[in-house]
Amino acid sequence: MKHFLRMLIQVCLYFYCKFLWRCLKFVMRKLTGRCELQRICYSTKPGASRTMKIETSLRDSKSKLLQTSVSVHPDAIEKTIDDIMELKKINPDVNPQLGISLQACLLQIVGYRNLIADVEKLRREPYDSDNPQHEEMLLKLWKFLKPDTPLESRISKQWCEIGFQGDDPKTDFRGMGLLGLYNLQYFAERDAAAAQQVLSDSLHQKCSKFSKAEWEKKRMDKAIGYSFAIVGINITDLAYNLLVSGALKTHFYNIAPEAPTLSHFQQTFCYLMHEFHKFWIEEDPMDIMEFNRVREKFRKRIIKQLQNPDMALCPHFAASEGLINM
């Protein structure tokens, strides 16, 4: 009975707040002569703050046109903007900047949804050793990470040298499918020097970037390595969940002037790999059994950063050249 009453109160509060909000919007429209979309665009700076407010306004609107505008095809965005302006009785000649601002926001909103679909497609595609393209990507990963060491055979214990669990890496891609391989290859290819350094550090007890005295001072002499490829797949899972949950909207809406793409997602993965590697060393775990604890603590830190609407994960490595930090 108590549970029912609690649910009833919550439902009543929801509808009360929704009604109150609609009344407030009506009053603001009469006082300012501007609809909510205009007020947001004119009073909020470009980036995540504006785009997320526009997205909420469109999604919560009672108009079917506005509700569905967040999921239209990219080619239909311009027409959708025209329809919205007509619905709101806004003269585009008098308010030219509004159409431009709405278009930029919709490109980001629709692009984010499409990016989730693209990433999900890769995640659901299993690694197939009979697929020449899959095999080629895997062999390239080895070449990028170990350019001076030939792979003796496709099935080999050498794969453990770059952090796979056995002699055939295909079994390690089950959780994240091709997405894990795509991300690892992107990191190894686009930022080869950094990827090779992280791999080297993960194989040794002490990070080569610090002198012995610095290690002792920082109490990192007990730091141990980890399996590079397995951690990469695990960080892929982290990036995937941040994307699907919407946490990465802050980042992408701040760095992508238009639609975020798969390259933006892979660049974010590279950034997370860099940051996790540093975080792992700072945490100084006693052994690999502490991986889940360290990963969870790292996840919470990233989520906290992304709660800042002005936040852009600003990677400083070659893989992210060309990103725009708004």
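## A network of salt bridges

Glu283, Glu290, Arg293 and Lys297 are linked in a network of salt bridges. The model is predicted. One link in this network joins Glu283 to Lys297. Their closest N and O atoms are 3.2 Å apart. Glu283 sits in helix α13 and Lys297 in helix α14, so the bridge ties together parts that are 14 residues apart in sequence. Lys297 is partly exposed, because its relative accessible area is 43%.

## Other salt bridges

The structure holds 17 salt bridges. Side chains of opposite charge can pair when their charged atoms come close. Arg295 and Asp237 make one such bridge, with 3.1 Å between the closest N and O atoms. This pair links distant parts of the chain: Arg295 belongs to helix α14 (residues 291–306), Asp237 to helix α11, and 58 residues separate them. Are the two partners buried or exposed? Arg295 has a relative accessibility of 12%, so Arg295 counts as buried. Asp237 has a relative accessible area of 25%, so Asp237 is partly exposed.

Another bridge stays inside one helix. Glu275 pairs with Lys278, and their closest N and O atoms are 3.0 Å apart. Both residues lie in helix α13, three residues apart, so about one helical turn separates them. An α-helix has 3.6 residues a turn, so residues three or four places apart point the same way. Glu275 counts as buried, because its relative accessibility is 15%. Lys278 counts as partly exposed, at 44% relative accessibility.

## Aromatic rings

Helix α13 also carries aromatic residues. A search of the whole structure finds 15 aromatic pairs. Phe276 and Trp280 form one of them, and this pair is tilted. The ring centres are 6.1 Å apart, with 40° between the planes. Why is this pair called tilted? Planes under 30 degrees apart count as stacked and those over 60 as edge-to-face, so the angles in between count as tilted.

Phe276 and Trp280 are four residues apart in helix α13, so they are separated by about one helical turn. Phe276 counts as buried, at 1% relative accessibility. Trp280 counts as buried too, at 1% relative accessibility. The pair belongs to a wider group. Ring pairs link Tyr226, Phe276, Phe279, Trp280, Phe291 and Phe298 into a cluster.

A charge meets a ring elsewhere. Lys249 lies over the face of Tyr112, at 5.7 Å from the ring centre.

## Helix α8

Helix α8 covers residues 177–190. Does its length agree with what its residue count predicts, or disagree? At 1.5 Å a residue, its 14 residues should span 20 Å. The end C-alpha atoms are 21 Å apart, which agrees.

How many residues of α8 are buried? Eleven of the 14 are, and the helix is mostly covered. Among them are Gly177, Leu178, Leu179, Gly180 and Leu181. Further along α8, Asn183, Leu184, Gln185, Tyr186, Phe187 and Ala188 are buried as well. What do these buried residues pack against? Their partners are α6, α7 (132–145), α9 (192–202), α11 (228–245) and α13 (262–283).

## Leu115 in helix α6

Helix α6 runs over residues 96–124, and Leu115 lies in it. Leu115 counts as buried, because its relative accessibility is 1%. Which residues does Leu115 touch, beyond those up to four places away in sequence? They are Leu243, Phe252, Pro260, Thr261, Leu262 and Phe265.

Leu115 and Val244 are 129 residues apart in sequence. In space, their C-alpha atoms are 9.5 Å apart.

## Glu135 in helix α7

Glu135 has its place in helix α7. Is Glu135 buried or exposed? Its relative accessible area is 15%, so Glu135 is buried. The cut-off for buried is under 20%.

The side chains of Glu135 and Tyr127 are joined by a polar contact of 2.4 Å. Glu135 is in contact with Tyr127, Ser129 and Arg154, leaving aside neighbours within four places in sequence.

Methods
Residues are numbered from 1 along each chain as its sequence is written. This is a predicted model: local features need pLDDT of at least 70, side-chain atom pairs count only at pLDDT 80 or more; totals for chains, interfaces and linings use all residues. Side-chain values use heavy atoms; hydrogens and water are left out. Helices (H or I, at least four residues) and strands (E, at least two) are DSSP runs, numbered from the N terminus. Buried means under 20% relative accessible area, exposed over 50%, partly exposed in between (1.4 Å probe, protein chains only). Contact means heavy atoms within 4.5 Å. The expected span of a helix is 1.5 Å times one less than its number of residues. A polar contact is a pair of N or O atoms within 3.5 Å; within protein, one must be able to donate a hydrogen and the other to accept it, and residues adjacent in sequence count only if both atoms are side-chain atoms. A salt bridge is a side-chain nitrogen of Lys or Arg within 4 Å of a carboxyl oxygen of Asp or Glu. Rings of Phe, Tyr and Trp (its six-membered ring) pair if their centres lie within 6.5 Å; planes under 30 degrees apart count as stacked, over 60 as edge-to-face and the rest as tilted. A charge sits over a ring if NZ of Lys or CZ of Arg is within 6 Å of the ring centre and within 35 degrees of the ring normal.
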